[in-house]
Each structure stands twice: as C-alpha cells, then as structure tokens.
Amino acid sequence: MPHTETPGTEAGPATRLRWWTELPLILLVYACYSAGRLVVRGDVSDAVDHGLAILQIEKALFLNAENPLNRLFTQEPWIGIPADFWYASLHYLVTPVILVWLFRSRAVHYRAARTWLMASTFIGLIGFTLLPTCPPRLLDASHGFVDTMAHYSSYGWWGGEASAPRGLGGMTNQYAAMPSLHVGWALWCGVILWKYGRTRLARTAAVVYPLVTTIVVMGTANHYFLDAAAGAAVMGAGFLLAPVVMRYADLAKARFLPAAALVPAASPATHSPIVSAGCQTSAGERIPRQWHPEAPYGPGPEPGTAPSDAGESAPAAAR
C-alpha cells in the first residue's frame with residue numbers, strides 16, 4: 001500500500017544541522033572522553049596484571065607481533081620516528097578533518113556517522129573504566145619492550161612519559177590501553193572514506209590508514225594486538241548502537257523541543273465563514289452582504305441572467 005500524506009497538512013522541512021551546534025557537541029563529547037580517561041586511572045597493579053594476562057593469551061595463540069615490531073621500530077629510527085609522529089598526531093587531525101568533510105560534502109550521511117563515532121567512543125571509555133590495562137611499553141624491561149616515544153622524545157613535541165606534550169604526561173591515563181581507540185577511530189575513518197570517497201586515492205587511504213595505525217600502535221609498544229582487535233569490536237558495537245541512540249535523541253527532541261506545527265493546506269471543498277477581512281458572512285456566501293432570501297439560487301443572481309434582471313440593486317455591466 002503506497003504511503004500517502006495526511007490530507008490537508010503540509011510537513012515542514014527537515015531540521016538542518018548547523019556547525020555552531022555541531023562543534024560544541026563534538027567538543028563536549030571529547031572533553032567527557034578526556035576527563036573520563038583522566039579520572040578513571042585504575043589500580044596500577046591490576047593494570048599490570050591485565051597487561052600480562054593479555055600478553056600470555058597472545059603468546060598462547062601465536063599472536064605476539066608486538067615484540068618483533070617494537071625491536072624494528074627501536075633499531076631503525078627512519079621507521080620509529082615517523083611512527084611516533086603518526087601515533088601522537090594523526091588521530092587528532094584525520095578524524096576531525098573527515099568529520100568536517102562529511103559535514104560539508106555528504107551532509108545527509110553526517111549525523112549517522114557522527115553518532116556512530118560518539119557512541120563507540122563512550123563504549124571505549126567504559127572499557128577503560130572496567131579494564132585498566134598496562135601497555136607493553138610500561139611493563140618490566142624483562143619483557144623486552146622499549147618505549148619508542150621516550151626513546152625518540154628529543155625528535156618530537158611529546159615528553160618521555162606519554163604521547164602528550166612535554167610536561168603534560170601526568171594529565172593522561174597511561175593505563176587506558178584496552179580497547180585501542182587509535183585503531184577504532186582509524187577504522188571509522190577508513191569505512192567513511194571507502195563508502196563516501198569518490199576517488200581511487202580515497203579508497204587507498206581507507207585501507208592504508210587503519211592498517212598502518214594498527215602496526216604503529218603495536219610497534220611503538222602502546223598497545224597489544226588484542227587492544228587493536230577490541231578497538232575494532234568497539235566500533236562494531238557503536239555501529240549497531242547508533243540507530244538506537246538517534247531514535248532516542250529524536251524522541252527527546254520531539255518532547256522537549258517540539259517541531260513547528262503542521263500548516264493546514266487549502267482545500268477546495270472547505271470554505272471559511274470569514275471570506276473578507278472584518279466582514280462576517282453566512283456559510284455559503286461568497287460576497288459580503290449580497291444574499292437575498294427570495295433568490296431561488298441562494299446567494300447572488302440566477303446563473304445566466306443579465307445584470308438588469310438581477311434587481312435594481314445589481315451593479316451595471318462594465319463597459
């Protein structure tokens with residue numbers, strides 16, 4: 001059965017997203033994410049235990065790629081230094097750039113993609129809270145990992161404590177390794193570029209960016225392979241949750257910010273009792289004060305009669 005609109009109504013245009021409302025929303029979500037990472041530091045001993053447990057699981061499954069990659073990054077500065085810049089910078093640059101590009105060029109898809117990213121970020125924050133995890137670079141040296149960020153800190157703007165700027169390392173939660181949102185956000189960027197990019201370059205970047213990011217987070221000893229896998233799983237959960245979030249957001253908006261009322265459309269079968277400004281008429285009357293009780297055809301003269309037959313009060317024909 002085809003869908004039809006309710007007769008006599010015209011729906012207003014859909015609400016357009018504006019940058020001056022989107023920007024504060026994104027900044028608020030990122031501030032909550034950063035504050036949550038800072039506040040929920042977790043117990044250090046528990047974080048170390050979780051990190052060692054992940055490492056043992058990976059060795060049992062022959063997934064321990066972190067050690068050889070970390071040795072390569074440490075021994076080859078031409079690989080390790082760009083990798084540190086990649087880890088410390090790109091997730092702050094690429095993700096916002098793709099959001100802006102999507103907002104400007106693919107606006108019809110922007111809201112769903114933005115909600116997907118935000119829902120996944122909050123799920124990741126829950127993971128940091130429930131499972132504080134020590135990254136490989138902070139494990140005892142006997143496990144064979146080198147903190148490349150500290151090793152090459154003289155080449156970059158970050159300090160030896162973390163990927164934060166010098167002097168601000170104490171303001172970050174260094175045990176927020178599980179899941180890896182570096183990998184999660186890179187995967188989001190890749191999916192968006194692959195789905196909405198029009199060029200071969202965009203499709204290539206859609207594959208290269210998340211793949212290289214996964215290698216970088218392991219080679220710099222900031223994440224385990226299972227952290228990267230968890231980051232991808234979090235993005236999958238956020239993708240499934242995004243439609244539910246949008247539905248509840250629409251319900252809340254309709255309740256607290258009601259849309260403009262529907263405007264009744266004019267119908268030829270319906271006549272208002274007021275047909276002229278300030279002049280009240282009866283139900284079937286077209287011209288104010290022109291109804292005669294003796295007229296057999298109701299208001300006005302009989303159809304087809306000349307003006308002279310309509311009575312003395314009828315106006316003369318125009319010449």
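This short talk goes through the fold, one helix packing, the salt bridges and the cysteines of the chain in front of you.

Let me say at the outset that this is a predicted model, and I will keep to what can be read from it. The chain is built from 9 helices and 4 strands, and if we follow the elements from the N terminus, the order is β-α-α-α-α-α-α-α-α-α-β-β-β. Of the 319 residues in the chain, 35% are buried. When we take the contacts between residues at least 6 apart in sequence, 77% of them join residues that are at least 24 apart.

Next, the helix packing. Helix 3, residues 66-75, packs against helix 4, residues 77-105, at an angle of about 105°, and their axes are 5 Å apart. With an angle in the range of 65 to 115 degrees counting as roughly perpendicular, helix 3 is therefore roughly perpendicular to helix 4. On the helix 3 side, the residues in the contact are Leu72, Phe73 and Gln75, and they meet Pro77, Ile79, Gly80 and Ala83 in helix 4. Sorted by class, this contact between helix 3 and helix 4 has 5 nonpolar and 2 polar residues, with no charged residues.

Now to the charged pairs, where the count comes to 2 salt bridges. In one of them, Asp250 pairs with Arg111, and the closest N and O atoms are 2.8 Å apart. Asp250 sits in helix 9, residues 225-256, while Arg111 sits in helix 5, residues 107-130, so this salt bridge ties together parts of the chain that are 139 residues apart in sequence. Asp250 has a relative accessibility of 36% and so counts as partly exposed, and Arg111, at 24%, also counts as partly exposed.

The other pair is Asp147 with Arg137, whose closest N and O atoms are 3.2 Å apart. Here Asp147 and Arg137 both lie in the loop between helix 5 and helix 6, so the parts tied together are 10 residues apart in sequence. Are Asp147 and Arg137 buried or exposed? Both residues are buried.

Finally, the cysteines. How many disulfides does the structure hold? The number is 0, and for a pair to count, the two cysteine sulfur atoms would have to lie within 2.5 Å. As for surroundings, Cys134 has a relative accessibility of 1% and therefore counts as buried, and Cys189, at 0%, counts as buried too.

Notes. Residues are numbered from 1 along each chain as its sequence is written. This is a predicted model: local features need pLDDT of at least 70, side-chain atom pairs count only at pLDDT 80 or more; totals for chains, interfaces and linings use all residues. Side-chain values use heavy atoms; hydrogens and water are left out. A salt bridge is a side-chain nitrogen of Lys or Arg within 4 Å of a carboxyl oxygen of Asp or Glu. Helices (H or I, at least four residues) and strands (E, at least two) are DSSP runs, numbered from the N terminus. Buried means under 20% relative accessible area, exposed over 50%, partly exposed in between (1.4 Å probe, protein chains only). Axes are lines fitted to C-alpha atoms, for helices over the stretch in contact, and angles run from 0 to 180 degrees between N-to-C directions. Angles under 35 degrees count as roughly parallel, over 145 as roughly antiparallel, 65 to 115 as roughly perpendicular and the rest as oblique. Contact means heavy atoms within 4.5 Å. Ala, Val, Leu, Ile, Met, Phe, Trp, Tyr, Cys and Pro count as nonpolar, Asp, Glu, Lys and Arg as charged, and the others, Gly among them, as polar.
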